[in-house]
Amino acid sequence: MDWIAIVSILGAAFSVAFGALGPALGEGRAVAAAMDAIARQPEAANSISRTLFVGLAMIETTAIYCLVVALLLLFANPFIS
Amino acid sequence: MKSPLENTILFQIGPVPIAETVVTTWVIMAVLVSGSWLITRRLRRDPSTVQSVAELLCDLVDSQIRETMRTEPGPYRAFIGTLFLFILVANWSSMIPGVEPPTAHLETDAGLAILVFFAVIWYGLKAGGARGYLKSFAAPTPLMIPLNFIESITRTFSLLVRLFGNVMSGVFVIGIVLSLAGLLVPIPFMALDLLTGLVQAYIFAVLAMVFISSTVAEATEHPETEKD
């Protein structure tokens, strides 16, 4: 196994590991804020949870990008011919 | 382990290779179209059970469009409803043994995202004409033209990657757990997959609505209301 493969595997692991950190913290904050809002104003729960879902999807995209980068490194690496 | 970016070729029609994804997609399309045709063939004033369920679903799509886009759902019902139903059925088709959901492949998601891209242009043109649609790029100021232009492409890309990443990772995790632990262990993951599938179909439809309604709102904005 040459060093490009080793570095690719390490890169994939690091990209998923650190790519999961940021969105996890962000989603935690978003859900906490939404819970707070629903507790204050239970009658607005419907519209709050709809906005929450869309926002979570937006935040989650960054983690998904990291996952796709890891998959590209593992399965479609442009540097290994 | 099989790469999630590759397609299994089932057979060839002339020079065109037909992948497994295409066959699954066409089966889902046939089921949805024939199902809708069978349900709406004989509509009655006092609905049967099946008709009630279909009306409930249609009403749900209508109310979501009304709440998200703040307009009457008429012109958008067919497009948004079809997107939601197709992605939902495609995501949940992983529950049938041996079937891989077509949304777990990049090509199907790319097709859906490109549909949304063109739908935004189509509804923008229909609402404000060519001038109104082009003006929606210059909102709120003409300084934003390059950014708005780039955004219309990158949001299509992020729509595609979001659906692909979520569905594919679900299928992938089930495959890994199955190969590590055995027969009954992946069932909780499959239950989680059902939830993810529903949420992703909902989010795809909601984001399509948000993109369309923001373009339509900017295209129909009148200059005299901008000043005050």
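Biologist: Let's start with the helices of chain B. What is the orientation of H2(B) and H3(B) to each other?

Modeller: They are roughly perpendicular to each other. Their axes cross at roughly 110 degrees and come within 10 Å. Please keep in mind that this is a predicted model.

Biologist: Sure. And what is the hand of the crossing of H2(B) and H3(B)?

Modeller: That crossing is right-handed.

Biologist: Which residues make the contact?

Modeller: H2(B) brings B:Val61, B:Asp62, B:Ile65 and B:Met69, while H3(B) brings B:Tyr76, B:Arg77, B:Ile80, B:Gly81 and B:Phe84. By class, the residues of this contact divide into 6 nonpolar, 1 polar and 2 charged.

Biologist: B:Tyr76 caught my eye. Is B:Tyr76 buried or exposed?

Modeller: B:Tyr76 counts as buried, because it has 23 C-beta neighbours inside 10 Å, and 20 are enough for that label. B:Tyr76 belongs to helix H3 of chain B, which covers residues 74–92.

Biologist: What is B:Tyr76 in contact with, leaving aside its neighbours within four places in sequence?

Modeller: With B:Ile65, B:Met69 and B:Ile212. B:Ile65 and B:Met69 are part of the contact between H2(B) and H3(B) that we just went through.

Biologist: And how far apart in space are B:Tyr76 and B:Leu10?

Modeller: 36 Å, C-alpha to C-alpha, with their places 66 residues apart in sequence.

Biologist: Let me step back to chain B as a whole. How many helices and strands does chain B have?

Modeller: Chain B comes to 7 helices and 2 strands. From the N terminus on, the order is β-β-α-α-α-α-α-α-α. Along the principal axes, the C-alpha atoms of chain B fill a box of roughly 65 × 50 × 40 Å.

Biologist: What share of chain B is buried?

Modeller: Buried residues are 29% of the 228 residues in chain B. As for contacts in chain B between residues at least 6 apart in sequence, 65% join residues at least 24 apart.

Biologist: Now the core. How many residues are in the largest nonpolar core?

Modeller: The largest nonpolar core has 37 residues. Those with the most contacts inside it are B:Ile80, B:Leu83, B:Ile87, B:Phe204, B:Ala205, B:Ala208 and B:Ile212.

Biologist: Which helices supply at least two residues of this core?

Modeller: In chain B, H2, H3, H4, H5 and H6 each do. H6(B) gives the most, with 12 residues. Apart from this core lies another, of 9 residues, including A:Ala63, A:Ile64, A:Ala70 and A:Leu73.

Biologist: Back to B:Ile87. What does B:Ile87 touch, not counting residues up to four places away in sequence?

Modeller: B:Thr103, B:Leu112, B:Gln200, B:Ala201 and B:Phe204.

Biologist: H6 again, then. Is B:Val210 in helix H6 of chain B buried, exposed or in between, and why?

Modeller: B:Val210 is partly exposed, because 14 other C-beta atoms lie within 10 Å. In space B:Val210 is 16 Å from B:Phe137, C-alpha to C-alpha, and the two are 73 residues apart in sequence.

Biologist: Different pair: at what angle do the axes of H4(B) and H5(B) cross?

Modeller: At roughly 145 degrees, and the axes come within 9 Å. H4(B) passes H5(B) in a right-handed crossing. Among the residues in contact are B:Ala113 and B:Phe117 of H4(B), and B:Leu160 and B:Phe164 of H5(B). By class there are 10 nonpolar, 1 polar and 1 charged residues.

Biologist: On to the contact between the chains. How many residues does each chain give?

Modeller: Chain B gives 14 residues and chain A gives 11 residues. On the side of chain B, H5 (145–181) and H6 (187–219) are the elements that give two or more residues. The largest share of that side, 6 residues, comes from H5(B). The classes on that side are 8 nonpolar, 5 polar and 1 charged.

Biologist: And how do H2(A) and H5(B) cross? I mean, at what angle?

Modeller: At roughly 70 degrees, with axes that come within 9 Å, so H2(A) and H5(B) are roughly perpendicular to each other. The residues in contact include A:Ile64 and A:Tyr65 of H2(A), and B:Arg162 and B:Gly165 of H5(B). They divide into 6 nonpolar, 5 polar and 1 charged.

Notes. Residues are numbered from 1 along each chain as its sequence is written. Chains are lettered from A and ligands numbered from 1 in the order in which they are written. This is a predicted model: local features need pLDDT of at least 70, side-chain atom pairs count only at pLDDT 80 or more; totals for chains, interfaces and linings use all residues. Two residues are in contact if their C-beta atoms, placed from the backbone, lie within 7 Å. Helices (H or I, at least four residues) and strands (E, at least two) are DSSP runs, numbered from the N terminus. Ala, Val, Leu, Ile, Met, Phe, Trp, Tyr, Cys and Pro count as nonpolar, Asp, Glu, Lys and Arg as charged, and the others, Gly among them, as polar. A residue is buried if 20 or more other C-beta atoms lie within 10 Å of its own, exposed if 12 or fewer, and partly exposed in between; C-beta atoms are placed from the backbone. Axes are lines fitted to C-alpha atoms, for helices over the stretch in contact, and angles run from 0 to 180 degrees between N-to-C directions. Angles under 35 degrees count as roughly parallel, over 145 as roughly antiparallel, 65 to 115 as roughly perpendicular and the rest as oblique. A nonpolar core is a set of buried Ala, Val, Leu, Ile, Met, Phe, Trp, Tyr and Cys residues joined through C-beta atoms within 7 Å. A crossing is left-handed if the near helix is turned anticlockwise from the far one by less than a right angle, and right-handed if clockwise.
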